[in-house]
Amino acid sequence: MQKRVVTTLALTAVAACGAPAVVPDSTVSPGMTQTAAATKRPAADPDTAGAHADFDGDGKEDLVITDTSATVNGKYAAGYAAMVHGSAAGPDARRHQVITQDSLGLGKAGTGGRFGSGAISADLDGDGRSDLITQAGSNTVFVVWGGKKKLSGAAKLTGATPVVGDFDGDGHADLVTSRSADSKATIRFGPAGAD
């Protein structure tokens, strides 16, 4: 029953964001739960494990829906992420934001880029707001910073398969990305700067 309600809610939110009525190959991520459990989450840190997402810091969970097969500016499977703001009653489809690689100003989306792949959240910069971490292509990760009213500003990193956790036990979220050329990974210890 829970899964059906979330799926129905997610498809309603996608339709409200102007996405196609049928969203093939979509990833619905209520609360963004893909995380690494390397260490126990400190009680004082509101968002190191990415178990919930509050991108605007208002205390209400926000919802992210990705469609990695969406056509963006004529590019098939360029992909997008749609963030729906939370309210006391749940996701509010009237308040949403659609993010593409093009809208970030960090390069242009390409055919098959699949922006939105592996989307997770964590408060990487320590400002009390979740940040959206997602992949595009085979070796690019984007961090879109949470803000008072919406996701705003971004960083483009080399890597793939993003994972977050507090790997050094300092109470700040850390980001790990793999390298597609070999079996090595890069860890970026938090807090990261949004500047």
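Which residues of the largest nonpolar core touch the most other members? In this predicted model, they are Phe55, Ile99, Phe115, Leu132 and Leu151. The core holds 14 residues. Strands β3, β6 and β7 each supply at least two of them. β6 runs over residues 131–136, and β7 over 140–144. A second core is separate from this one and has 11 residues. Leu124, Val141, Leu157 and Leu175 are among them.

Now step back to the whole chain. It has 195 residues, of which 45% count as buried. Two helices and 11 strands make up its secondary structure elements. Their order along the sequence is α-β-β-β-β-α-β-β-β-β-β-β-β. Take the contacts between residues at least 6 apart in sequence: 46% of them join residues at least 24 apart. The chain exposes about 9,400 Å². Carbon and sulfur atoms supply 53% of that area.

Strand β3 deserves a second visit. It spans residues 80–87 and contains histidine 85. Is histidine 85 buried or exposed? It counts as buried, because its relative accessibility is 5% and the cut-off for buried is under 20%. Its side chain has a polar partner: a contact of 2.8 Å joins it to the side chain of aspartate 56. Beyond its neighbours within four places in sequence, histidine 85 is in contact with several charged residues and others. The list is Asp56, Asp62, Gly90, Pro91, Asp92, Arg95, His96, Lys149 and Lys150. Aspartate 56 thus appears both as a contact and as the polar partner.

Next, the backbone. Most residues other than glycine have a negative phi, and most peptide bonds are trans. Three places in this chain are worth checking against that background.

Alanine 77 has a positive phi, near 60 degrees. It sits in the loop between β2, residues 63–67, and β3. Alanine 77 counts as buried because its relative accessibility is 1%.

Threonine 161 also has a positive phi, of about 50 degrees, and is not a glycine. Its place is in a strand, β9, which covers residues 160–165. How buried or exposed is threonine 161? It is partly exposed, with a relative accessible area of 47%.

The third place is a peptide bond. The bond from glycine 190 to proline 191 is cis, with omega near 5 degrees. Proline 191 lies in the segment after β11, a strand of residues 185–188.

Conventions
Residues are numbered from 1 along each chain as its sequence is written. This is a predicted model: local features need pLDDT of at least 70, side-chain atom pairs count only at pLDDT 80 or more; totals for chains, interfaces and linings use all residues. Side-chain values use heavy atoms; hydrogens and water are left out. Helices (H or I, at least four residues) and strands (E, at least two) are DSSP runs, numbered from the N terminus. Buried means under 20% relative accessible area, exposed over 50%, partly exposed in between (1.4 Å probe, protein chains only). A polar contact is a pair of N or O atoms within 3.5 Å; within protein, one must be able to donate a hydrogen and the other to accept it, and residues adjacent in sequence count only if both atoms are side-chain atoms. Contact means heavy atoms within 4.5 Å. A nonpolar core is a set of buried Ala, Val, Leu, Ile, Met, Phe, Trp, Tyr and Cys residues joined through side-chain atoms within 4.5 Å. Accessible areas come from the Shrake-Rupley method with a 1.4 Å probe; for residues, only the protein chains shown count as cover.
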